Amino acid sequence: LIASSIMSKKLASGADCILLDVKTGNGAFMKTLEDSIALAKAMVDIGEHNGRRTAALITDMDTPLGRNIGNSLEVIEAVETLRGEGPADLTEVCLSLASGMLWLAGRGGAAACRAMAEDALRSGAALAKLRAMVAAQGGDPAVIDDPSGFPAAAYEHDVVCMQDGWLYATDTEKIDIAAVLLGAGRETKESVIDPAAGIRLLKKAGDPVKKGDELARLYAGDAAKFAAAEEKFHSALTFAARRPQLPALVLAALCVALGVVLPVAFHSIPNAGSVLLPMHIPVLLCGLVCGPVYGLLSGILTPLLSSMITGMPPMAYLPGMLCELAAYGLAAGVLRRFVRTGKRPLDLYIQLVSAMLIGRLVYGVMNALIFSAGNYSFAVFVSGAFVTALQGIVIQLVLLPAVVLLLEKARLVEKPY
């Protein structure tokens, strides 16, 4: 019902391409990644079945997007973002959606579409389009250049921190409820929305804090609403004594993205893929820092997405590479759990070398038995897996342990023991 309700409106609009932003996390309707993926798949299937090019991005709502919550406040932040002055997380989501829409519309490859979106932001074309949209709907485009024309709250109240440490996590749903208590949303069907009410976040998850720091600024038309909203806001915050680590899902997604981008960056170098092995680096890294499940998924998704988006690897080589990289990620993750000599650098070299050997053996066996049966010899295996790839192997042995140790030293990832 959710999928059909959303997609019926999209299809009725007449668009021939549809890009969906499906939220996941505690602030979203779908609280788990699995449910968000299922919803996204159902909606994409409906769009494709009706002859529309359809895709979906799944974006995080475990922490609020941007810094402003509330009607006028969010529009003001949208204008700031189109000026190139918005928060980094909101800007990135906007650029990803815009470039994805351009790609769906056939305007070029992923890199070219991203460049077009960034240029529209940088040149002011995106902001000019917003002015035109406002004017076309009978609004006053002057407020786009002068946000003082937006409704302003009669009262403001700062929420201060009660302890030193790090803001570890924020519950988006509870912060949304705090905004509703201020008048930014409806508590009941009869409630009247105050367009000026809301919250501006002054600290976000991952920021260091001290007792007395301002965490947020509340806006309302009635000062009596601040007490309940502040209490609810405080209940949404989790603090920690040390810097929070990056979630494994985020790290894995970054590794997959890097696995798509790196081969493109090295594309101008002849035979860079088989010599420097740029796609291997993020997959091995993912296994070493995120564990076997994410390592395996990274090994599967990286070559698959890269082939779909950039054409590298070609479809003829994709099955073998998929098996090889999946073995790298899985093996590195499993070995991360079990290899513990007490000396972290030694652990990493044992894990890395073993995973590299396992991946190459899987690649060789799959080629010999399935993908190139009858045309694959031991000499071809040694030449491709070790001799040609020697430079890439050296790069991996030098780079990957250093990167993992730096991430652990910065406490961005957890040490295995």
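**Exercise 1. The four-stranded sheet**

In this predicted model, find which residue of strand 8 is the bridge partner of Arg200, and then place that pair within its sheet.

Solution. Arg200 has Arg217 as its bridge partner in strand 8. The next step is to look at the two strands as a whole: strand 6, residues 198-201, pairs with strand 8, residues 214-220, in the antiparallel sense, and four bridges hold this pairing. Widening the view, one finds an open sheet of four strands in the order 3-6-8-4, with antiparallel pairing. Its edges are strand 3 (68-69) and strand 4 (155-160), each of which pairs on one side only. Finally, helix 8, made of residues 172-182, lies across strand 3, strand 6 and strand 8, and runs at about 135° to strand 6.

**Exercise 2. The three-stranded sheet**

Determine which residue of strand 7 stands opposite Trp166, and describe the sheet in which this happens.

Solution. The residue opposite Trp166 is Pro208 in strand 7. Strand 5, which covers residues 165-170, is joined to strand 7 by two bridges, and these two strands run antiparallel. They belong to an open sheet of three strands, ordered 7-5-9 and paired in the antiparallel sense. Strand 7 (208-209) and strand 9 (237-240) are the edge strands, since each pairs on one side only.

**Exercise 3. The surroundings of Ala105**

Decide whether Ala105 is buried, partly exposed or exposed, and state where it lies and what it touches.

Solution. Begin with the position: Ala105 sits in the loop between helix 4 (88-104) and helix 5 (110-123). Its relative accessibility is 47%, and because the partly exposed class runs between 20% and 50%, Ala105 counts as partly exposed. Once the neighbours within four places in sequence are left aside, Ala105 is in contact with Cys17 and Arg53. For a distance across the chain, take Ala355, which is 250 residues from Ala105 in sequence and lies 40 Å from it in space, C-alpha to C-alpha.

**Exercise 4. A cavity and a pocket**

Establish how many cavities of 30 Å³ or more the structure holds, and then compare the make-up of the lining of the largest cavity with that of the second largest pocket.

Solution. The structure holds one cavity of 30 Å³ or more, and the largest cavity contains about 60 Å³ of space. Its lining includes Thr63, Pro64, Ile175, Leu201, Leu215 and Phe233. Sorted by class, that lining consists of seven nonpolar, two polar and two charged residues.

Turning to the second largest pocket, one finds about 730 Å³ of space. Of its 28 lining residues, Gly273, Ser274, Leu277, Met321 and Tyr363 are the closest to its centre. At least two residues of the lining come from each of helix 11 (272-276), helix 14 (318-338), helix 15 (344-371) and helix 16 (378-387), and helix 16 gives the most, with four residues. By class, the lining of this pocket has 19 nonpolar, seven polar and two charged residues.

**Exercise 5. Backbone exceptions**

Which residues that are not glycine have a positive phi of about 60° or about 55°, and where is the peptide bond that is cis?

Solution. The general rule comes first: most residues other than glycine have a negative phi, and most peptide bonds are trans. Asn271, although not a glycine, has a positive phi of about 60°; Asn271 is placed in the loop between helix 10 (248-265) and helix 11. Because exposed means over 50% relative accessible area, Asn271, at 58%, is exposed.

Leu277 also has a positive phi, here of about 55°, and Leu277 lies in the loop between helix 11 and helix 12 (280-290). With 5% relative accessibility, Leu277 falls under 20% and therefore counts as buried. Leu277 is also among the residues closest to the centre of the second largest pocket.

The cis peptide bond runs from Met312 to Pro313, with omega near 0°, and Pro313 is found in the loop between helix 13 (292-310) and helix 14.

**Exercise 6. The chain as a whole**

Summarise the secondary structure, extent and contacts of the chain.

Solution. The chain has 17 helices and nine strands. Its C-alpha atoms fill a box of roughly 80 × 55 × 40 Å along the principal axes. Of its 417 residues, 38% count as buried. As for contacts between residues at least 6 apart in sequence, 70% join residues at least 24 apart.

Key. Residues numbered from 1 in each chain as written. Predicted model: local features only at pLDDT ≥ 70, side-chain atom pairs only at ≥ 80, totals over all residues. Heavy atoms only, no water. Contact = heavy atoms within 4.5 Å. Axes fitted to C-alpha atoms, helices over the stretch in contact; angles between N-to-C directions. Buried < 20%, exposed > 50% of the residue type's maximum accessible area, 1.4 Å probe, protein only. 1 Å grid on protein atoms, 1.4 Å probe; cavity = no way out; pocket = protein on both sides within 12 Å on 5 of 7 lines; lining within 4 Å. Points joined across faces, edges and corners; volume = space filled by probe spheres on them. Nonpolar A, V, L, I, M, F, W, Y, C, P; charged D, E, K, R; others polar.
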